[in-house]
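Me: I'm new to this structure, so could we walk through it together with a few questions?

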Amino acid sequence: MRRFKLLQIPFWLTYAFLYLPIAVLVVMSFNSGKSAYTYEGFSLKWYGELAQDERVRDGLVNTLIVAAGSTVIATVLGTLLAVGLARHTRSRALDAFALMPAVLPDLVIAIGLLIFYGTIKLTLGLYSVVLSHALFSMAFVAAVVRTRLTNTDTSLEEASRDLGAGPVTTFMRVTLPQLVPGIVAGALLAFTLSLDEFVIAFFTIGNTEQTLPIVIYSMIRFGVTPKINALAAILLLVSFTAVIAGQRMTKIGESRAQD
């Protein structure tokens, strides 16, 4: 028993290393003083100042537009990609190629997309960031949906085709309903990834508009303030909620598959 408790020490130290800075950030976002490092009392004034900051509001609107647009594209394409890889293609090379954006460094993807947009003479803007984030997130959606596909009953699809239904009808009425929990989980993951993604957006957005992570980057160049802590705390809450919801949907799907 004592040995078991000693083995838990590295486990809890790792968690403390990961989450203690985040906890400090959230606490300091409620600081009444102007210092980001000295707590002077509880206050919500920095959250109020965020609401009045036009630059932050514009960045938030742009971020939501990019996140929503890229999530829709990534969810549709990622779902179709997962179904194609699982049901119609058996190739490890294609599997690795399809999931490559999920493992490549963001910087490599960003530079590659910037060169590609320059080659095709595409003017950079929010739409270029939407396409870039969709490409990046599509691999994650495909991975989540494909995991869900492994728990579906293929005999239902075979029965549908034996009864005369075509491939499209079978997909829409048999396969797709079984994939809904995985699709929702993948969409939430894609939305979260796009919400706080910085590197790809920085390279592909141009000079006319900014997303919220880019706004935060430009703000911290002049020092960290409680306002930045408040903004980071809000993003943390949104991301945490989306991740928990995605995990919950995945568990619901697995439970239904077992039933």
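Reply: Happily! One definition first: an axis is a line fitted to C-alpha atoms, for helices over the stretch in contact, and angles run from 0 to 180 degrees between N-to-C directions. Please keep in mind that this is a predicted model.

Me: Are α2 and α3 roughly parallel or roughly perpendicular to each other?

Reply: Helix α2 (residues 45-52) and helix α3 (residues 54-88) have axes 5 Å apart and pack at an angle of about 70°. Angles of 65 to 115 degrees count as roughly perpendicular. The two helices, α2 and α3, are therefore roughly perpendicular.

Me: Which residues of α2 and α3 make the contact?

Reply: The residues of this contact divide into three nonpolar, one polar and two charged. From α3 come Glu54, Val56 and Arg57, and from α2 come Leu50, Ala51 and Gln52.

Me: Which helix gives the largest share of the largest nonpolar core?

Reply: That core has 13 residues, and Ala82, Val83, Val141, Val145, Leu149 and Leu179 touch the most other members. At least two residues each are supplied by α3, α7 (126-149) and α9 (167-195). The largest share is five residues, and the helix that gives it is α7.

Me: Is Thr211 buried or exposed?

Reply: Thr211 sits in the loop between α10 (199-204) and α11 (212-220). Beyond its neighbours within four places in sequence, Thr211 contacts residues including Gly59, Val66 and Ile205. Buried means under 20% relative accessible area. Thr211 has 4% relative accessibility, so this residue counts as buried.

Key: Residues are numbered from 1 along each chain as its sequence is written. This is a predicted model: local features need pLDDT of at least 70, side-chain atom pairs count only at pLDDT 80 or more; totals for chains, interfaces and linings use all residues. Side-chain values use heavy atoms; hydrogens and water are left out. Helices (H or I, at least four residues) and strands (E, at least two) are DSSP runs, numbered from the N terminus. Buried means under 20% relative accessible area, exposed over 50%, partly exposed in between (1.4 Å probe, protein chains only). Contact means heavy atoms within 4.5 Å. Angles under 35 degrees count as roughly parallel, over 145 as roughly antiparallel, 65 to 115 as roughly perpendicular and the rest as oblique. Ala, Val, Leu, Ile, Met, Phe, Trp, Tyr, Cys and Pro count as nonpolar, Asp, Glu, Lys and Arg as charged, and the others, Gly among them, as polar. A nonpolar core is a set of buried Ala, Val, Leu, Ile, Met, Phe, Trp, Tyr and Cys residues joined through side-chain atoms within 4.5 Å.
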